[in-house]
Every structure is written in C-alpha cells, then in structure tokens.
Amino acid sequence: VEEIVAALDRALCAEDSLAELSGRFLFAVDDGTEALRPLRSDVELVAERDAFRLLLDGLRTSLAVAPEEAPETALRAARGFLELRHDDGSGAWRLRDLPGGAGRLARHLGLDVSDHADEESAPGANRVREGIAGGSRRIGPHLQRDGLLAVTVLPPLARLGRAQLLRLAELSRLLDAGVRVSPWRTLTFVDVRASAGADLLAHLHDVGLLATGASGWAGLSACAGLGACARARVDVRAAAARRAPRRDASSPTEHWSGCERRCGEPPDAGIRVVAREDGLVVTRDGVET
C-alpha cells in the first residue's frame, strides 16, 4: 500500500484542479485488515486478494482494479465529486455533504453498488461497520511480526512544536527507524530494534509525548480553535487542555469544536463540545446535556 499512497500523493499534487478538495476530504488505502474502516473515508481503496475495491463514503462499489490502477481510480472518484459539487453549487466539503451522497457519485462514475455487503452492517445500508477508532489504538511499544518494535506515542492535542519535530527527526536517523502519523493523532516509530525500545520511550517522554494510554490526554482532541481559524468562536484547545487533568484512561473520547463545522471530530467521540452562537453545547452519547 505504501507505493499506492506515494503514487496517489504525487498525482494529487500534480493536478491543480484537485486543490479544490477541502482539507477534510479523506483518501484511504487499506491493506485488507480493515484497520481504517472507522474513518469512513470519502474515497477508499481496500485490498481484496490481487485487486483493490473502491469504496465511496463507506459504500462498496462494483469496481475492483489492479494495484497499478488504484491511484488513478481514487483520483477519478475525486474528480467526479468535484464535478457534482460544481453542478449543484453546493460547496460540499465531504462526500456525505453532497446531495445524493455516495450512491449518486457511484452512478455518475458508471458504477453499481456491490451486492457484497458486510454481514455486520446495519440492515439495508450496505455500508461497512463504524467500529471504534481512537479509543482502541494502543499507545506504547508493540511487537511487529518480524520481531522488531513499533512504538506509538501521543502528542497532546496532536500538536508538535519545531523543537519536538527536530528531536523526532534526530531520533529517527539515529535508530534508522521510520515515523508514521496516524489518523488517530498518534506517532509511531516503526522497525525499532528491541534493545533500543526502552531508551526510545524515555527520549519520547522527555520530548513531551505520551507513551501510555493512562492519561487524560488520551482520547481528547480539539480543532484549531480561536486564533488559528477564522470561524472559531472559542479557544477550544485551551479549554480542552483544562479538561485533561479531569480525565483518566476510562474516560470516553472527547472532542472540542470551535464552530458547527466540527472539524477533526472523531466518529467515535462519546462527548462532543461545540461552540455555537448561543454558547457551548455538550453532547454525550448523542444526547445534549
């Protein structure tokens, strides 16, 4: 999947018209383990034996292509989304915001919705299941299949400063280890020698990153907020930071949004705080409190 992601990235950057996609429009390439399913990506390529299946906003389509055709397939879907958005004049950010949604885009692309539905999907939906996301992503060291370690840490509120980034780059070079950024706001050092694991964790802790899920920062997120976004009404990052000491490892996932757009809100957020014109609105498990 790394080659497909790299090819997709190059193609996106090379095509000026695709700059019209919003920063929230999400592409995903899944190796077949379905690890990315909870994200409900706008355009997703999922490995199925020797082909990649195209999913649109979680909806399976009839199209499966060879790996070398996968990047262009994703771009074709993105172009189709923009064409429909222009036709409507809707200004939709995500496929789910587009009138007619994924089914309409599939028809626009000349595709059928696959009759191969997930058995655990909601009745009649033909959608992949919305599993839990951030709460299930374990922080700390994990043993890779090849015997090396993957070490996952959490930057509080997904923020990294210049000094932290420089130190992370230095550690990566010293250990000859790659660093991955996940959609769940974590960083993972991959291919770390087992003998270097403990020292790496100590260095990451010194840099200000969390190496354990037993923290109020785990599962806590916020959008850019006041001062970084023109639409934000509240400094939600500062508010979320004040919440962290009141939380623990058992707390539900929680997201703070500076306006009704709710940028960055995880699909599994148990507590959602939104700054509206009439004040802060808190929703817990779908019920306003």
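**Exercise 1.** Where is the place of Ser41? Determine also whether Ser41 is buried or exposed, and list what Ser41 touches.

*Solution.* The model is a predicted one.
- Step 1: Ser41 sits in the loop between strand 1 and strand 2.
- Step 2: The relative accessible area of Ser41 is 1%. Buried means under 20%, so Ser41 is buried.
- Step 3: Leaving aside residues up to four places away in sequence, the contacts of Ser41 are Leu26, Ala28, Leu56, Asp57, Gly58 and Arg94.

**Exercise 2.** Describe the open sheet of four strands and state which strands stand at its edges.

*Solution.*
- Step 1: The strand order is 1-2-3-4, and the pairing is mixed.
- Step 2: Strand 1 (27–30) and strand 4 (59–65) each have a single partner strand, so each has one side without a neighbour in the sheet; these two are the edge strands.
- Step 3: Ignoring direction, neighbouring strands of this sheet are turned against each other by 25 degrees on average.
- Step 4: Strand 2 (residues 43–48) and strand 3 (residues 51–56) run antiparallel and are joined by six bridges. Within strand 3, Leu55 is the bridge partner of Glu44.

**Exercise 3.** State which strands helix 1 lies across and which strands helix 2 touches.

*Solution.*
- Step 1: Helix 1 (residues 2–14) lies across strand 1, strand 2 and strand 3, and runs at about 160 degrees to strand 1.
- Step 2: Helix 2 packs on the sheet and touches strand 1, strand 2, strand 3 and strand 4. The direction of helix 2 makes about 150 degrees with that of strand 2.

**Exercise 4.** Classify the crossing of helix 2 and helix 3, and analyse the residues of their contact.

*Solution.*
- Step 1: The axes of helix 2 (residues 70–88) and helix 3 (residues 101–108) come within 10 Å and cross at roughly 110 degrees.
- Step 2: Angles of 65 to 115 degrees count as roughly perpendicular, and helix 2 is therefore roughly perpendicular to helix 3.
- Step 3: Helix 2 contributes Ala77, Gly80, Phe81, Glu83, Leu84 and Asp88 to the contact, and helix 3 contributes Arg104, Leu105 and His108.
- Step 4: By class, the contact residues are four nonpolar, two polar and three charged.

**Exercise 5.** Which residues of helix 6 (residues 236–243) are buried, and why do they line one face of the helix?

*Solution.*
- Step 1: The buried residues of helix 6 are Val236, Arg237, Ala239 and Ala240.
- Step 2: Viewed down the axis of helix 6, these residues fall within an arc of 160 degrees, so they line one face.
- Step 3: Strand 9 (220–222) and strand 10 (254–257) are among the elements covering the buried residues of helix 6.

Terms used. Residues are numbered from 1 along each chain as its sequence is written. This is a predicted model: local features need pLDDT of at least 70, side-chain atom pairs count only at pLDDT 80 or more; totals for chains, interfaces and linings use all residues. Side-chain values use heavy atoms; hydrogens and water are left out. Buried means under 20% relative accessible area, exposed over 50%, partly exposed in between (1.4 Å probe, protein chains only). The arc is that of the directions from the helix axis to the C-beta atoms. Contact means heavy atoms within 4.5 Å. Axes are lines fitted to C-alpha atoms, for helices over the stretch in contact, and angles run from 0 to 180 degrees between N-to-C directions. Angles under 35 degrees count as roughly parallel, over 145 as roughly antiparallel, 65 to 115 as roughly perpendicular and the rest as oblique. Ala, Val, Leu, Ile, Met, Phe, Trp, Tyr, Cys and Pro count as nonpolar, Asp, Glu, Lys and Arg as charged, and the others, Gly among them, as polar. Two strands pair if DSSP finds at least two bridges between them.
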